[in-house]
Amino acid sequence: MQQKDRLYQTLDQIDSQGYKSYKKLQKNWYDFKDFKLGIPYVQGDPYARPSSIFIRLSADKAGFKNWYYKNNTRIKAVEDYLSRKISSNISKFLEGHRGSGKSGLITIASPGQEVIKRTSLEFTPHQIEARIKVGLPARGRTVMGYQAQDMFFQEIPKIVKNSLYFKNIEEEHLRNHVETVEEQTILRKKLRDKNLVSFIANGSILPRKSGISDRPMNTREAVPFSSPCEEEVEFELPYSGKISGLGIRKGITLIVGGGYHGKSTLLEAVARGVYDHIPGDGREYVVTRKDAVKIRAEDGRRIEKVNISPFINNLPGAEKTREFSSENASGSTSQAANIIEALELGTGLLLIDEDTSATNLMIRDARMQQLVSKDKEPITPFIDQVEKLYKNKEISTLLVVGGAGDYFDVADRVIMMDEYRPRSATNQAQEIARNLPSQRQQEEGRQFSSLSGRIPDPDSFNPRKGRKIKVRPRGRETIQFGRENIDLSSLEQLLDQGQTKAIGDILVYALKNDIIDGKRSLSEILTEIYNRLENEGLKTISPFQPDGDYVLPRPQETGAAINRLRSLKIK
Ligand code: ADP
Ligand code: MG
């Protein structure tokens, strides 16, 4: 640990020198009295990935009340709050661009509408550690030492002072943030007591501002959610008291209604309910069991030895569907594989939207059954397997259908969206099903018995390009993994580029630590990985110093990435 004056002097000395002289700062810690500033990594030039800066503040100095440390949910919520606070104070106190490339920039990985465990800030009973990125300033490639002094001795201390000291934070605001997150966690745990898979509180704002903004729609335009009384449930929460809304029970639930009446918006909100949301999001009391998986068709994806035989059999060309592989799956086979893989990774709720499904996997109506006999049709549609999924495996389904009324026969409940207002249509749908039989034959499909046991071959993973490990995110939807790209664009519950980055490094970590060992099955691999992340913290996956850019992905998405690796071989 050096005194901060040393940093000041070094910056004096290297002013006007070549950019490489900034490397003198690398791996040093400086004592700023109130906090400590570490520089684990210095960028090679002003255009490269910015330098990493860590700020450490002792818990004594930060002065947070004990209440905030009481459980992991509160800690996660405080970390999220403080990351956001730093982000907004950067905008407030940063002079900004100074010099070439990224000179003068300060950033912290910034959260969206969800509150997910991340590594940008660590809040422990001993200290707060914030991990930010700084573009060390230069003109061309010439060090601007005095500008850097400004950043280190004016701007950063101001940002720290206004973001991380309890006394400078509006407590009511922080408290509300933490309580809201904690209540979502509590609600999610309580779902099971009432036999629910999801809950949508009355008054929630589900629609978003636009197709490219995840912020809530303006309250003047949005119709707030209100549950049909038949399906209304009530919970008691520690801070907000009584809360009521729509309880989606276990079993098979349909969401029906005309086009543009809000069906997909509701399903989307349920899919996002596996995560907690910030106050003001509109979905902060929309919670779903955390293993729910949104399923869709994904033609073109690769499939490696998945047992899709409950849905597909006797393909032309005699491909075995108990161990089905494809370099270029069709709509129906990709969706079948997505369902089976979700079951393999562990899920209790499938979320399916007709909009993004393969019709021939979902339904075969009476007329089609007459024309194309069962022995000529490889597909057993989902409608004939959905009850089995629930009865034998306790896997519920929430399904948006606008077109296929045959599903009335298998639904436990029907919710109709009518101009964004849900109402119960269960009795009506059942009556229609009685008066107007679909006349289709129930098709007997294979059992969902042998789902487990796909063992990935570690030799089929190659994170290297040439000699070096090259694994990194390319936006939210793609991971560069050695020589190949893993396409995650159809994983609708993967929300943050930080999750994409984490998945890539989790895979490398799992290979290095022999977790993918050629003996463990995919689900055993994920269990082991997530146990370790729980014990060691998410930052453990970082190949170098802890990195502030990671956001925790769910095991469901990490497993889905492995399943989408084009080189994957199953033993
Ligand atoms: P569907 O799936 O039934 O065709 P969508 O869910 O796609 O309908 O919604 C259609 C449009 O209505 C979208 O632009 C959406 O943002 C908007 N919308 C959805 N729910 C509401 C609501 N509660 N209030 C206002 N607008 C809404
Ligand atoms: Mg829709």
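In this predicted model, a good place to begin is S16, which sits in the loop between α1 (4-14) and β2 (28-31). Its phi is near 75°, a positive value in a residue other than glycine. That deserves a second look, because most residues other than glycine have a negative phi. Is S16 buried or exposed? With a relative accessibility of 52%, S16 counts as exposed, since the cut-off for that word is over 50%.

Another residue of this kind is E419, which is not a glycine and yet has a positive phi of about 50°. You can find E419 in the loop between β24 (413-418) and β25 (421-424). E419 counts as exposed, at 55% relative accessibility.

**The magnesium ion**

Which residues coordinate the magnesium ion (ligand 2)? They are S264, through its OG atom, and D355, through OD, at 2.1 to 2.2 Å. These two residues come from distant parts of the chain, 91 residues apart. S264 belongs to helix α6 (residues 263-272), while D355 lies in the loop between β22 (349-353) and α8 (359-362). S264 counts as partly exposed because its relative accessibility is 28%, and D355 counts as exposed because its value is 60%.

Here are the accessibilities of the four residues met so far.

| Residue | Relative accessibility | Class |
|---|---|---|
| S16 | 52% | exposed |
| S264 | 28% | partly exposed |
| D355 | 60% | exposed |
| E419 | 55% | exposed |

**A sheet of four strands**

Now let's turn to the strands. An open sheet is built from 4 strands in the order β14-β15-β11-β18, with antiparallel pairing. Why is one side of β14 (232-237) and of β18 (286-288) left without a neighbour in the sheet? Both stand at the edges and have a single partner strand each, so there is no neighbour on the other side. On average, neighbouring strands in this sheet are turned by 35° against each other, ignoring direction.

To see one pairing in detail, follow β14 and β15 (residues 241-249), which pair in the antiparallel sense over 6 bridges. Within this pair, F235 stands opposite I243 in β15. As general background, strands of a sheet pair through backbone hydrogen bonds.

A helix accompanies these strands: α5 (residues 171-190) lies across β11 (196-201), β14 and β18. Helix α5 runs at about 130° to β14.

**A sheet of three strands**

Further along the chain, 3 strands make an open sheet in the order β28-β29-β30, and their pairing is antiparallel. The edge strands here are β28 (471-474) and β30 (484-487), each of which pairs on one side only. Neighbouring strands in this sheet are turned by 25° against each other on average, direction ignored.

How many bridges join β28 to β29 (residues 478-481)? There are 4 bridges, and the two strands run antiparallel. V471 stands opposite F481 in β29. Helix α12 (residues 497-512) lies across β28, β29 and β30, and runs at about 30° to β29.

**The domains**

Finally, step back to the whole chain. The domain assignment of the protein gives domain 1 (2-169), domain 2 (249-452) and domain 3 (458-563). The centres of domain 2 and domain 3, taken over C-alpha atoms, are separated by 28 Å. Their contact takes 19 residues from domain 2 and 15 residues from domain 3. About 1500 Å² of area is buried between these two domains, and carbon and sulfur atoms give 47% of that area.

Notes
Residues numbered from 1 in each chain as written. Chains lettered and ligands numbered in written order. Predicted model: local features only at pLDDT ≥ 70, side-chain atom pairs only at ≥ 80, totals over all residues. Heavy atoms only, no water. Pairing = 2+ DSSP bridges. Axes fitted to C-alpha atoms, helices over the stretch in contact; angles between N-to-C directions. Contact = heavy atoms within 4.5 Å. Donors = N, O, S within 2.8 Å, 3.2 Å for Na, K, Ca; no water. Buried < 20%, exposed > 50% of the residue type's maximum accessible area, 1.4 Å probe, protein only. Domains from an automatic or database assignment. Buried area = accessible area lost by both parts, 1.4 Å probe.
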